[in-house]
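Work through the exercises below with the sequence and the 3D view side by side. Try each task before reading its solution.

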Amino acid sequence: MEILRFTLSGNQAFFKKPDVNTYGYFTFGHIHKVALLGIFGAVLGYSGYNSMHKDDEYPEFYEKLKDLHIAILPICNKGSFPKKMIEFNNSTEFANKDGNLIVKQQWIENPKWQIYLAMDCEESKKIADSLLNNKCVYMPYLGSNDHPADISDVCIISGKPQPNPVHIDSLYLKNTVHMDLSDDEEDWFKYEEMLPIALDNVLNMYIYEKMVFSDIKISECTTDTVYAIQDKYLDNKNINIMFF
């Protein structure tokens, strides 16, 4: 299978969690599928939430791109990126009619992911054409317009199904994998978080799945969406990625 592969990075990123408390706005630890579809929608010029009409089930970008198959491989130490709380003032009347609103947000610092897109439909081929030829309609961001996205190292690679992987190098769906907990490797890591993978068709709220990023060996995998690839931008490593 042909796969579009590129590096997605930036100075900071902010993928807002919908739950907010009095302290500040918090971010998901990694880019998730809905946010990535939003980047693809910006590249192709599809409209978003603000352009929805009363009878629309989904925003245009999601309606057109929801069936894409993607894989996300974080480039970070021990599964996560550093984060920091940022304070800034919003003095526009849209934010606070009394003059000044202090906003606190948690930003991811220097994020970087390898993104893989299965080229198995017309929309994926449109995205590949745009990225390979350095074209985009709207500026892509990492969560908000404070954080421009850098897309680099774009290429087409090939992959083949890996029915019995002993490891998965990308983020993967926890409920499809059994870890080999007898692995006696002392220096393993495991990142786990509930991340959005879809939108519901009533209120366009996030649908979550528990995602894992780990170097623990795999004893069983119940999905057929794991592919073996060789990535020249990762020192020609042979890696396994899971599409979802």
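The exercises that follow concern a predicted model.

**Exercise 1. The open sheet**

Task: State in what order the strands of the open sheet of 6 strands lie, and which strands form its edges.

Solution:
- Step 1. Going across the sheet, the strands come in the order 3-6-1-7-13-14, and their pairing is antiparallel.
- Step 2. An edge strand pairs on one side only, and this holds for strand 3 (70-74) and strand 14 (237-242).
- Step 3. On average, neighbouring strands of this sheet are turned by 30 degrees against each other, direction ignored.
- Step 4. Take one pairing within the sheet: strand 7 (residues 150-161) and strand 13 (residues 226-231) run antiparallel and are joined by 3 bridges. One of the residues involved is P161, whose bridge partner in strand 13 is Y227.

**Exercise 2. Helices across the strands**

Task: Find which strands helix 1 lies across, and which strands helix 3 lies across.

Solution:
- Step 1. Helix 1 covers residues 33-44 and lies across strand 1 (2-9), strand 3, strand 6 (112-118) and strand 7. Relative to strand 3, helix 1 runs at about 105 degrees.
- Step 2. Helix 3 covers residues 122-132 and lies across strand 1, strand 6 and strand 7. Its angle to strand 7 is about 135 degrees.

**Exercise 3. Buried or exposed?**

Task: Decide whether D231, S144 and L203 are buried or exposed.

Solution:
- Step 1. The cut-offs are under 20% relative accessible area for buried and over 50% for exposed.
- Step 2. D231, a residue of strand 13, has a relative accessible area of 1%, so D231 is buried. Leaving aside neighbours within four places in sequence, D231 is in contact with R5, Y116, N236, K237 and I239.
- Step 3. S144 sits in the loop between helix 3 and strand 7. Its relative accessible area is 17%, and therefore S144 is buried. From S144 to T176 the separation is 32 residues in sequence and 31 Å in space, C-alpha to C-alpha.
- Step 4. L203 belongs to the loop between strand 10 (190-199) and strand 11 (206-214). With 64% relative accessibility, L203 is exposed. Together with V202 and M205, L203 makes a nonpolar surface patch of about 350 Å².

**Exercise 4. Salt bridges**

Task: Say how many salt bridges are counted, and trace the network that includes E192.

Solution:
- Step 1. A pair is counted when a side-chain nitrogen of Lys or Arg is within 4 Å of a carboxyl oxygen of Asp or Glu. The count comes to 12 salt bridges.
- Step 2. K17 and E193 form one of them, at 3.8 Å from N to O. K17 is in the loop between strand 2 (12-13) and helix 1, while E193 is in strand 10, so this pair ties together parts 176 residues apart in sequence. K17 is partly exposed at 25%, whereas E193 is buried at 13% relative accessibility.
- Step 3. K174 and E192 form a salt bridge of 3.1 Å, N to O. This pair links distant parts of the chain, 18 residues apart: K174 lies in the loop between strand 8 (172-173) and strand 9 (177-179), and E192 lies in strand 10.
- Step 4. E192 also meets K190 in a salt bridge, at 2.9 Å from N to O. K190 is partly exposed, with 37% relative accessibility.
- Step 5. Through shared partners, salt bridges join K174, K190, E192 and K210 into one network.

Definitions and conventions. Residues numbered from 1 in each chain as written. Predicted model: local features only at pLDDT ≥ 70, side-chain atom pairs only at ≥ 80, totals over all residues. Heavy atoms only, no water. Patch = residues over 30% accessible without salt bridge, like charges linked within 9 Å, V, L, I, M, F, W, Y side chains within 5 Å. Areas by Shrake-Rupley, 256 points an atom, 1.4 Å probe, with all protein chains shown as cover. Helix = DSSP H or I, 4+ residues; strand = E, 2+ residues; numbered from the N terminus. Buried < 20%, exposed > 50% of the residue type's maximum accessible area, 1.4 Å probe, protein only. Pairing = 2+ DSSP bridges. Axes fitted to C-alpha atoms, helices over the stretch in contact; angles between N-to-C directions. Contact = heavy atoms within 4.5 Å.
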